[in-house]
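Please open the structure in the viewer and keep the sequence panel visible. The tour proceeds by selections, each followed by a description of what is found there.

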Amino acid sequence: MITLTICNHKGGTGKTTTVMNLAAAFGMTGRDVLVVDLDPQAFLTRMMGETEAAAKLSSLVLFEEDIESEKVPITPLRTFDLVPSSAALSSAIRRLTKPTDVLWLREFVDCMDKHYDLIIFDIAAAVTVFSLNALVASNFVVIPVLPEYQPVLGGEQTYQTAQVVRKRLNPDLATPKFLLTMVDGRKRNHLGYRKYLRERYGERVMRTVIRTCTALSLTRQNGQTVFESDPQARGSIDYASAADELGQLFDPIDGGDLGPESKEEIKAHSSGEQFSFL
Ligand SMILES: Nc1ncnc2c1ncn2[C@@H]1O[C@H](COP(=O)(O)OP(=O)(O)O)[C@@H](O)[C@H]1O
Ligand SMILES: [Mg+2]
């Protein structure tokens, strides 16, 4: 089984949109996919047409002792399954403060191993016990980046966090991949930041680019992904190619693959001073 976290410390960079549409693309091509909504604001849950769940029927259950696959609150959707989120996740942050509290999702992933091919975690923008849990339980991480100043900065900080997690807590985590989102070819600053990321991170930037697409920006609460609402849209084409590109990375799975990057650069990124809680 493959586990994937989609994260960027900056909000509004297309994380939830990416989770939904990648999950659908993988689901439609025959993988059994489970999406875990770990954002207390539960946007993904709502966009999939579900109401925010009660605490006991939400992803908060995954942070309880002795989790078993039968106890996981799963909502089957058309192309993938969902563990919905609840606002109760916000208040739970206050009790999840022990160093071992970053290991809950690893246990959950172990107990789901036989049931799914792919688990995708959607998380909120901040670094919290939930985002750390997701990174600790993942083999892969994709950082959606809108090619503008704040999202690029947030994306680079997220890259550092992922590298610190790999170094200290999860050696199975592959080097993060940046996915450019909401790209507008007419904007000069977009071209500039794309070039910057490619020059600095090389292969760690996905070849696929998600272009701006009205069909993706329409807020739906009817559970439709872009593949159902507008299969001809750029969003459908782009997310299908993103899934293809990631699929090549997943098979054969090799979580330890660092890619052609400089080890020195990772060291520079992984000093970790600002993440003293790790
Ligand atoms: N490629 C895109 N083109 C146009 N709008 C997009 C695109 N991707 C996402 N959006 C819109 O941008 C906003 C933020 O996206 P979202 O996926 O919720 O980001 P995040 O989860 O990172 O906060 C949403 O309104 C979403 O519909
Ligand atoms: Mg989101």
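The stops below begin with the whole chain and then turn to the ligand, two helices and a loop residue.

**The whole chain**

Begin with the entire chain displayed as a cartoon, bearing in mind that this is a predicted model. The secondary structure comprises 11 helices and eight strands. The chain has 278 residues, of which 45% count as buried. Among contacts between residues at least 6 apart in sequence, 80% join residues at least 24 apart.

**The surroundings of ligand 1**

Select ligand 1 next, and display the 16 residues around it. Which of these residues come nearest? They are G14, K15, T16, T17 and S217. Three elements give two or more residues to this shell: α1 (15–28), β7 (177–183) and α8 (214–217). The most is given by α1, which provides three residues. If the shell is coloured by residue class, five residues appear as nonpolar, 10 as polar and one as charged.

**Helix α4**

Move now to helix α4, residues 104–112, and show its side chains. The buried residues here are W104, L105, F108, V109 and M112. Turn the view to look down the axis of α4: its buried residues fall within an arc of 130 degrees, so they line one face of the helix. To see what covers these buried residues, add the strands β1 (2–6), β2 (33–37) and β5 (118–122), together with helix α5 (129–136), which are included in the cover.

**Helix α5**

Keep α5 selected, as it is among the elements covering α4. Which residues of α5 are buried? They are V129, F130, S131, L132, N133, A134, L135 and V136. Because eight of the eight residues of α5 are buried, this helix is largely enclosed by the rest of the structure. The cover over the buried residues of α5 includes the strands β1, β5 and β6 (140–145). Also included are the helices α3 (88–92), α4 and α6 (149–168).

**Residue D184**

Finally, centre the view on D184, which lies in the loop between β7 and α7 (188–201). Is D184 buried or partly exposed? With 14 C-beta neighbours inside 10 Å, D184 counts as partly exposed. Leaving aside residues up to four places away in sequence, D184 touches H190 and T212. Select R211 as well: D184 and R211 are 27 residues apart along the chain, and their C-alpha atoms are separated by 6.2 Å.

Terms used: Residues numbered from 1 in each chain as written. Chains lettered and ligands numbered in written order. Predicted model: local features only at pLDDT ≥ 70, side-chain atom pairs only at ≥ 80, totals over all residues. Near = placed C-beta within 6 Å. Helix = DSSP H or I, 4+ residues; strand = E, 2+ residues; numbered from the N terminus. Nonpolar A, V, L, I, M, F, W, Y, C, P; charged D, E, K, R; others polar. Buried ≥ 20, exposed ≤ 12 C-beta atoms within 10 Å, placed from the backbone. Arc of directions from axis to C-beta. Contact = placed C-beta atoms within 7 Å.
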